[in-house]
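The following exercises ask the reader to examine a structure step by step. Each task is followed by a worked solution.

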Amino acid sequence: MEEGSATAKPRRATGRLCSTCNQRKAALKRPKTLEQICRECFYRVFEDEIHNVIMDNNLFKPGERVAVAASGGKDSTVLAYVMSELNRRHNYGLDLFLLSVDEGITGYRDDSLETVKRNEIEYGLPLKVVSYKDLYGWTMDEIVKTIGLKNNCTFCGVFRRQALDRGAALMKADKLVTGHNADDIAETVLLNILRGDIARLSRCTFITTGEDGPIPRCKPFKYTYEKEIVMYAYFKKLDYFSTECIYSPNAYRGFAREFIKDLERMRPRAILDIIRSGENFRTATSTKMPEQGTCERCGYISSQKLCKACLLLEGLNRGLPKLGIGRARGTNGLNKRVEQRNLHSERTGSSIESKQCGTLDF
Amino acid sequence: MQLTLEFGGGLELLCQSSKIHNVDVKPNPGEDKLTMRDLLAWVKSNLIKERPEMFVKGDSVRPGVLVLINDCDWELCGSVDTELEEKDVVVFISTLHGG
């Protein structure tokens, strides 16, 4: 090897060169391709790949108004940045804005909303915040006070999903984009297999969902590795929030997460392969699927008379918070719940072990 | 050996919410080199105040924790076998939470 920039770090300064440009020092190993690549080339391929996913899947049409679901976390921060960048660079002609949900969790969401407010200014995207308090009459803090720390993530997840849809509708958005990444989707494929949830298994790998509903959702990061999202945020010094929700996380999901990460270390392609498996599952024609209808109270899509949010809300308001908890169908739903609870109690205290629960509602 | 260690992505919560630590780490007795493996063991016993399993697994970091040495992915320079040098900056970032 030779001298290179023989400053303070002689040995590592002569490190490997970028396999793309062959000029600059490599800065990371891409999990998708195992290539060693420099920062500049990484920015370009990272953004180009997302652009290609958007084009190949016709995710947007010119003139559409698109809500970027923004939690202040790494994925949505990078999503807001990249969407705004690509929209400008490739003239998508999209009218982008940030949409955040305030669950009403003191010391957690109020802090992360500050991050989103900074993003609003930095990326020049208008921000709309919808709150659980306004939509449902309850903050998560109040819900936890009533029901305790069991099942609170169910409430939060169900409420957030609807809150994003309602916020998007309120702002007359045509589409909602979320920051779900390849790792999230692989994890969800596994979880749906573990739960025998065939309906979700078949749709969790769709890049766009809800096309029959009022606000279709899409996931431009479907094939983007979490490692690259975090590296991108780190190198670009994007400002994101990474404190775990103060209410306990979903332990069952934590196991699936850990399993995926272990697989990734041995063979990074595993993540894309799980997604591919999920995409190619075909549900047997003899499998009974829930029929989609609409909630007779609020009109939201639902396979039952009342949608899950209305059911949970009714439980809260009538002082029967167990209403709507657990699965409506399946024969062994009860056993599964007991099992989950046991897992949960073994794991309490490990609040940074898994992702914020409910961010992964598909 | 003088090193700067940085914790991010939530890992700072394991070391009293402090992101940057300027530390002096000596090679193990009888050795003249300090590897990342040694550093991880040192961090685990000296800086991590709670839930070490969120940071280490076996003799490496927990999968999902990214490591950069002088802003270079440690997977490019030998991971746990990387030999550290005076004034190196080592960054640990958890990818495991927040969305």
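**Exercise 1. Determine whether R37(B) is buried, partly exposed or exposed, and describe its surroundings.**

Solution. Step 1: the relative accessible area of R37(B) is 31%. Step 2: buried means under 20% relative accessible area, exposed over 50%, and partly exposed in between, with a 1.4 Å probe and protein chains only. R37(B) is therefore partly exposed. Step 3: R37(B) lies in helix α1 of chain B; helices (H or I, at least four residues) and strands (E, at least two) are DSSP runs, numbered from the N terminus. Step 4: contact means heavy atoms within 4.5 Å. When neighbours within four places in sequence are left aside, R37(B) is in contact with D59(B), V80(B) and D81(B). Step 5: a separation of 18 Å lies between the C-alpha atoms of R37(B) and D71(B), which are 34 residues apart along the chain.

Before proceeding, note that this is a predicted model, in which local features need pLDDT of at least 70, side-chain atom pairs count only at pLDDT 80 or more, and totals for chains, interfaces and linings use all residues. Residues are numbered from 1 along each chain as its sequence is written, chains are lettered from A and ligands numbered from 1 in the order in which they are written, and side-chain values use heavy atoms, with hydrogens and water left out.

**Exercise 2. State which residues of α1(B) are buried and what covers them.**

Solution. Step 1: the buried residues of α1(B) are M36(B), D38(B), L39(B), L40(B) and V43(B). Step 2: their cover includes β1, β4 (60–61), β5 (65–69) and β7 (89–94) of chain B. Step 3: a general rule helps in reading such a list. An α-helix has 3.6 residues a turn, so residues three or four places apart point the same way.

**Exercise 3. Describe chain B as a whole: which elements does it hold, and in what pattern?**

Solution. Step 1: chain B has 1 helix and 7 strands. Along the sequence, these follow the pattern β-β-α-β-β-β-β-β. Step 2: the radius of gyration is taken over C-alpha atoms, and the globule rule is 2.2 Å times the number of residues to the power 0.38. For 99 residues a compact globule would have a value near 13 Å, and chain B, with 13 Å, agrees. Step 3: the C-alpha atoms of chain B fill a box of roughly 40 × 25 × 25 Å along the principal axes. Step 4: of the 99 residues of chain B, 57% count as buried.

**Exercise 4. Classify the ring pair F7(B) and F55(B), and locate its two members.**

Solution. Step 1: rings of Phe, Tyr and Trp (its six-membered ring) pair if their centres lie within 6.5 Å; planes under 30 degrees apart count as stacked, over 60 as edge-to-face and the rest as tilted. The structure holds 17 aromatic pairs over all chains. Step 2: the centres of F7(B) and F55(B) are 6.0 Å apart and their planes stand at 55°, so the pair is tilted. Step 3: the pair links distant parts of the chain, 48 residues apart, with F7(B) in strand β1 (residues 2–8) of chain B and F55(B) in the loop between α1 (36–46) and β3 (56–57) of chain B. Step 4: both F7(B) and F55(B) are buried.

**Exercise 5. Locate S242(A) and identify what its side chain reaches.**

Solution. Step 1: S242(A) is in the loop between α10 (226–235) and α11 (251–266) of chain A. Step 2: S242(A) is buried, at a relative accessible area of 8%. Step 3: the side chain of S242(A) reaches the backbone nitrogen of G10(B) at 3.3 Å.

**Exercise 6. Examine helix α13 of chain A: how many of its residues are buried, and what covers them?**

Solution. Step 1: helix α13 (residues 308–317) of chain A is mostly covered, with 7 of its 10 residues buried. Step 2: these buried residues are A309(A), C310(A), L312(A), L313(A), E314(A), G315(A) and L316(A). Step 3: the cover includes α5 (132–136), α6 (140–147) and α7 (152–170) of chain A. Step 4: just after α13(A), G319(A) takes a positive phi of about 75°.

Definitions and conventions:
Polar contact = N/O pair within 3.5 Å; in protein donor to acceptor, adjacent residues only side chain to side chain.
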